[in-house]
Amino acid sequence: MRRPIIIILSVIGIFLLLGTSIMYLFGARTSSTFSTVSRDLGGFGGGAPEVGIAPAAEAPAIDSSAYDQSQDALNKSAQVQERLVIENADLVIVVKDPKARMQEINDLAKELGGYVVSSSLSQISSPTGKEVPDANIVIRVPSETLDEALAKIKEGAVDIDYENRSGQDVTSQYVDLQSQLKAKEAAEKKLLEIMDQAVKAEDVLAIYLQVQIVQTEIEQLKGQIKYLEESADLSAISVRLIAEEGVQPIEVGPWKPEGAAKAAIQDLIFFVQNFAEFLIRFVLYNLPALILIGIPLYLVFLGGRALFRRFRKQNEKIEQSEEAKKE
C-alpha cells in the first residue's frame, strides 16, 4: 500500500518541478521583454515619458467677404420659397353716373401702372320702367396697390351692394413647374450632346425630333410660369357700376279716380282706333285676297264634281245592262 502512494507523490512532485521551471523561464522572458520596452520608452521604472503635444497651428485669417458669400448661399438654400398668391377683387357699387365713373376707373388703372382688361356699357330697365345705364369694367393693377385701388374705386360711391376679395396660393404649383423646367432643360442639353456625337443620319433625325418635343414642353412650362408670375404681380378687379336711378324704390302715390277714368277712356279710344284699322285692312286687303284665292278653288271644285257625276252615271248604266242580261 505504501509503494503506490510513494509513486503517486513522486509523479506529482515531478510535475510540480516541471511547472515551476516553465513558469521561471516564461517569467524571465517576460521580464526581458518589459525591460526592452522600458528602455525604448525611457525607462519603465523612471516614470512615464513626457508626451509632447504639438501646439495647434494658428488658424488662417478668414476672408470676411468670402464668409458673407457662403452665409448668403446657405441662407438662400435654406430659405423657404416665397409665397406666390394671386389676389382678385369683385365689386358692385351704386354711382350717380356709371359712364363717367367707368372712365375714372380706366384712368386709375393707368395711373397705378395697370391696364384695362375689358369694359362695357349698356342700358337696362329700372323698377320704374325707365332705361338707365349699367357699366362693367375689369382692370389689372400691381398687387401692392390693390388696397389703394379699391379705396379709390369705392370713394364717392352712393352705396356698395357687394364686395369680395379672394386669394389663391399657387406656390406649390409654381415650384413644381420650375422643377419640371429644370429637368426639361437638363434633358435638352443632354440630347444636344448626344446629337453632336451621333454619326448615322437616322440617329440624328430621331434625336432631333426628341429635342423638338422637349423644347416645346420647355416653352409651355415657361408660359405657365410667366402666367402665374404675372397673375401674382397684377391683381384683377371686376367692378359693376349701377346707376342710382336704377335702385330707386317705387313710390306709390294716392289713388285718384279721375286718373283711372282718364286711362279707361284712353284705352277705349285706342281700341276703337285699332278695330277701325282692322276693318279697313280686312275690306281692302284680306277680303280681295280671299276672293282671288277662293275663285280658282271653287272652279276646281266644280270641275271635280262634274267628272265624278259623269263617271257615276256610266257605272250605273253598266250595272243596269249587266242586270238586264242576267234576267
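**Questions about a predicted model**

Colleague: Glu144 is found in the loop between β3 (131–142) and α4 (146–154). Is Glu144 buried or exposed?

Modeller: Good place to start, and keep in mind that this is a predicted model. A residue counts as exposed when its relative accessible area is over 50%. The relative accessible area of Glu144 is 65%, so Glu144 is exposed.

Colleague: Which residues form the negative surface patch?

Modeller: Asp and Glu are the residues that count as negative. The loop residue Glu144 belongs to this patch. The full set of members is Glu144, Glu229, Glu230 and Asp233.

Colleague: And which residues gather in a patch of positive charge on the surface?

Modeller: Let's begin with one member, Lys313, which sits in helix α7 (residues 257–326). Lys313 has 55% relative accessibility and therefore counts as exposed. The patch as a whole consists of Arg305, Arg309, Arg312, Lys313 and Lys317.

Colleague: Could we step back to the whole chain? How many helices and strands are there?

Modeller: You can follow the elements from the N terminus on, in the order α-α-β-α-β-β-α-β-α-α-β-α. Each α there is a helix and each β a strand. The chain's secondary structure comes to seven helices and five strands.

Colleague: What percentage of the residues in the chain is buried?

Modeller: The chain has 327 residues. To count as buried, a residue needs a relative accessible area under 20%. Buried residues make up 18%.

Colleague: How much of the accessible surface belongs to carbon and sulfur atoms?

Modeller: The accessible surface of the chain comes to about 25,500 Å². The part belonging to carbon and sulfur atoms is 60%.

Colleague: Among contacts between residues at least 6 apart in sequence, what percentage joins residues at least 24 apart?

Modeller: A contact here means heavy atoms within 4.5 Å. Taking the contacts between residues at least 6 apart in sequence, the share that joins residues at least 24 apart is 78%.

Colleague: Now for salt bridges. How far apart in sequence are Glu104 and Arg101?

Modeller: Side chains of opposite charge can pair when their charged atoms come close. Glu104 and Arg101 do meet in a salt bridge, with 3.3 Å from N to O. Glu104 is partly exposed at 47% relative accessibility, whereas Arg101 is buried at 9%. Both lie in helix α3 (residues 98–111), separated by about one helical turn because their distance in sequence is three residues.

Colleague: Which parts does the pair of Arg165 and Asp147 tie together?

Modeller: The side chains of Arg165 and Asp147 meet in a salt bridge of 2.4 Å, N to O. Both residues are partly exposed, Arg165 with a relative accessible area of 40% and Asp147 with 49%. The pair ties together parts 18 residues apart in sequence, because Arg165 and Asp147 lie in strand β4 (residues 159–169) and helix α4.

Colleague: What is the distance between the closest N and O atoms of Lys154 and Glu163?

Modeller: Lys154 is partly exposed, with a relative accessible area of 26%. Glu163 is partly exposed too, at 43% relative accessibility. The two form a salt bridge, and their closest N and O atoms are separated by 3.0 Å.

Colleague: Which residues are joined into one network by salt bridges that share partners?

Modeller: We have already met the bridge between Arg165 and Asp147. Through shared partners, the network is made of Glu87, Asp147 and Arg165.

Colleague: What separates the C-alpha atoms of Leu221 and Leu177?

Modeller: Leu221 is in helix α6 (residues 201–233) and counts as buried at 7% relative accessibility. Beyond its neighbours within four places in sequence, Leu221 is in contact with Leu177, Gln180, Leu181 and Lys184. Leu221 and Leu177 are 44 residues apart along the chain, with their C-alpha atoms separated by 6.4 Å.

Colleague: Last one! How far apart are the C-alpha atoms of Pro142 and Asp233?

Modeller: Pro142, in strand β3, is buried with a relative accessible area of 12%. Leaving out neighbours within four places in sequence, the contacts of Pro142 are Leu112, Gly113, Gly114, Asp233 and Leu234. Asp233 is also a member of the negative patch. Pro142 and Asp233 are 91 residues apart along the chain, and the separation of their C-alpha atoms is 5.7 Å.

Notes
Residues are numbered from 1 along each chain as its sequence is written. This is a predicted model: local features need pLDDT of at least 70, side-chain atom pairs count only at pLDDT 80 or more; totals for chains, interfaces and linings use all residues. Side-chain values use heavy atoms; hydrogens and water are left out. Patches are made of residues with over 30% relative accessible area and no salt bridge: like charges are joined within 9 Å, nonpolar side chains (Val, Leu, Ile, Met, Phe, Trp, Tyr) within 5 Å. Accessible areas come from the Shrake-Rupley method with a 1.4 Å probe; for residues, only the protein chains shown count as cover. A salt bridge is a side-chain nitrogen of Lys or Arg within 4 Å of a carboxyl oxygen of Asp or Glu. The place of a charge is taken as NZ of Lys, CZ of Arg, CG of Asp or CD of Glu. Helices (H or I, at least four residues) and strands (E, at least two) are DSSP runs, numbered from the N terminus. Buried means under 20% relative accessible area, exposed over 50%, partly exposed in between (1.4 Å probe, protein chains only).
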